[in-house]
Amino acid sequence: MLTLTVDFARRFARNRAALVGFVLVVVVIGVAVAAPWMFPRNPLRIVGRPEIWPFVNPRYPLGTDSLGRDIAAMIAYGARTTLLIGLCASLTATIIGITVGATAAYFGGWVDEVLMRFTELFQTIPNLIFVLTIVSILGQKIEYVTIAVGIVSWNPIARLTRAEFLSLRDREFVQACRAMGMGNLRIMFGEILPNALPPVIVLSSLVIAGAVLFESAVSFLGLGDPNVSSWGRLIGDGRTLIRTSWYICAVPGVAIMLTVLALNLVGDGLNDALNPKLRDR
Amino acid sequence: MRRIVLRRLAQIIPLVFAVIVLNFVLIHLAPGSLFDVMTSEQQITDPSMLDQLRHTYGVDQPTWVQLVKYIWSVMRLDLGFSYRQNAPVLDVIMDQLPATLILMLSATAIALLVGVTAGVLASIRVNSIWDNLISLGAVFFFAAPSFWLGIMMTVLFAVKLGWFPVGGMRTIGTDNGAFADALDVMHHLVLPATALGLFYAATYARVMRASMLEVLRLDFVRTARAKGLSSTRVTLAHVMRNALFPVITLLGLQLGTILGGSVVIEAVFSWPGIGSLLFDSIMSRNFPMVLGVLVLGSLLVAVANAAVDLLYLRLDPRIRPR
């Protein structure tokens, strides 16, 4: 196991872009974790003169917004929201996706047919419109945004899990399990799933990136949770001031872009490192 | 062939049916009665009107009767009535739909043009500076939120340089005939369509590059070269044509996302399409309109998906049935 891990790390590190992404992700996580120490007071509190440009006053390295709130503090706390929603939404999507995909492939026949039509349904509904509808009906709470984003993101995971399960379900080890009288659930999740998991994990990491973009769009439109600081909301708030203080929009956008970029690079790196076809190229 | 087209179109029906049922479930998920929210938000207090509405929405009947009624009314294209615009939901959406379609089509065109060109360039000069620059650009545009890109482009090209208008679809108070009007709309369209299209351009560039490299290795390309065809001709007529298939597949899969993306872009550029309509309706809690946009949006994607599938059938003789 240890050699496997070392081997994996070496392969991952050979991809320089993935390494850059990994470092960036660590930085974002670090900022999110350290936010309460770096900025012990409420980030939505007014600290100084409004619209101070970045790099002008060393106390507010990223400047202040239209109300005089510290942008650096809001960015740091926004990292927590972003990562939390991204992770939870991706987890939701992964759980739904694996359950649907695994059930469809394992049982086949009409179960497969019904579940794949169901998957198709969620591919047809315009995803952002669906998220906005759910949030507007259920209410602007961070939980609802997370669940809504998860509900529109499980589609590719279900398809991938199904494909993996289809290639595994008739293998000898599965037949052996059946011959031993193992139950369906135990075979599906105890025996087949561990073998199907690596590519699914890669996709889940990419779903986090997508979820971050979704969340930013929802809070940009002003439909996110008003009680948490969020990068998307910051951009939305700064929009009216683009003629004078466009940096208020620019800074959080860069934060979103770097985070999504880093997550994508790590996902690609994981894919290369786990994909047996590209091994030892 | 005709039977296949009909069968593919028939597959849309159960899908739309399912969307309607899902809509119904959403209505019933709402905390409290959606009917109460609707009537109070629209400030309807007249008892006779309330009764009529109660009858229209069938809130006094069992759930399954309500479901059947709801399905029946949507089947007759009755998506309800919007008291805000004082018009049927369908009419309001149909009024705004063309603007959204123009935006979506232009964004898709830009995405295809930029993405395919960049992908082809990168693939014929693998590992060159061009390839690296294109890959870098693709990585960035794939990560940038389109609404943010839109705002930044507005700052640069509209506010600082003044080349393009900040928002809207037409210059107010001008009437110089159809041609001038079309030019005016195109002028307003450049920034929103580009902001929306660049994300997809990044995706297509990556897919196109990989697909080109895949096809370039195939035997028929060597045959074409051996026949003495020029390398431009081989690249364009033989390789590119075959390498386009994954891009078309992706395009079909992403139509729903593009429609969703245009909602945000419309909000950024005050583009008067169904995105703006949806946003206003959410803000004013005009639920019949919100659900109407969801149903029609899904129908649009379902039809477009079918169209892409049929296009595929036409382009790729291998999957064409005999």
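Reader: What share of contacts in chain B between residues at least 6 apart in sequence join residues at least 24 apart?
Author: The share is 73%. Two residues are in contact if their C-beta atoms, placed from the backbone, lie within 7 Å. This is a predicted model: local features need pLDDT of at least 70, side-chain atom pairs count only at pLDDT 80 or more, and totals for chains, interfaces and linings use all residues. Residues are numbered from 1 along each chain as its sequence is written, with chains lettered from A and ligands numbered from 1 in written order.

Reader: What makes a residue of chain B count as buried, and what percentage does?
Author: It needs 20 or more other C-beta atoms, placed from the backbone, within 10 Å of its own. Of the 322 residues, 36% count.

Reader: How do you know that H11(B) is not straight?
Author: Helices are DSSP runs of H or I, at least four residues, numbered from the N terminus. The expected span is 1.5 Å times one less than the number of residues. For 39 residues that gives 57 Å, but H11(B) spans only 43 Å between its end C-alpha atoms.

Reader: Where does H11(B) bend?
Author: At B:Gln254, by about 50 degrees. That is the angle between axes fitted to the seven residues ending there and the seven starting there.

Reader: How many residues does each chain bring to the contact?
Author: Chain B brings 39 and chain A 34. H11(B) gives the most to the side of chain B that touches chain A, nine residues.

Definitions and conventions
Helix = DSSP H or I, 4+ residues; strand = E, 2+ residues; numbered from the N terminus. Buried ≥ 20, exposed ≤ 12 C-beta atoms within 10 Å, placed from the backbone.
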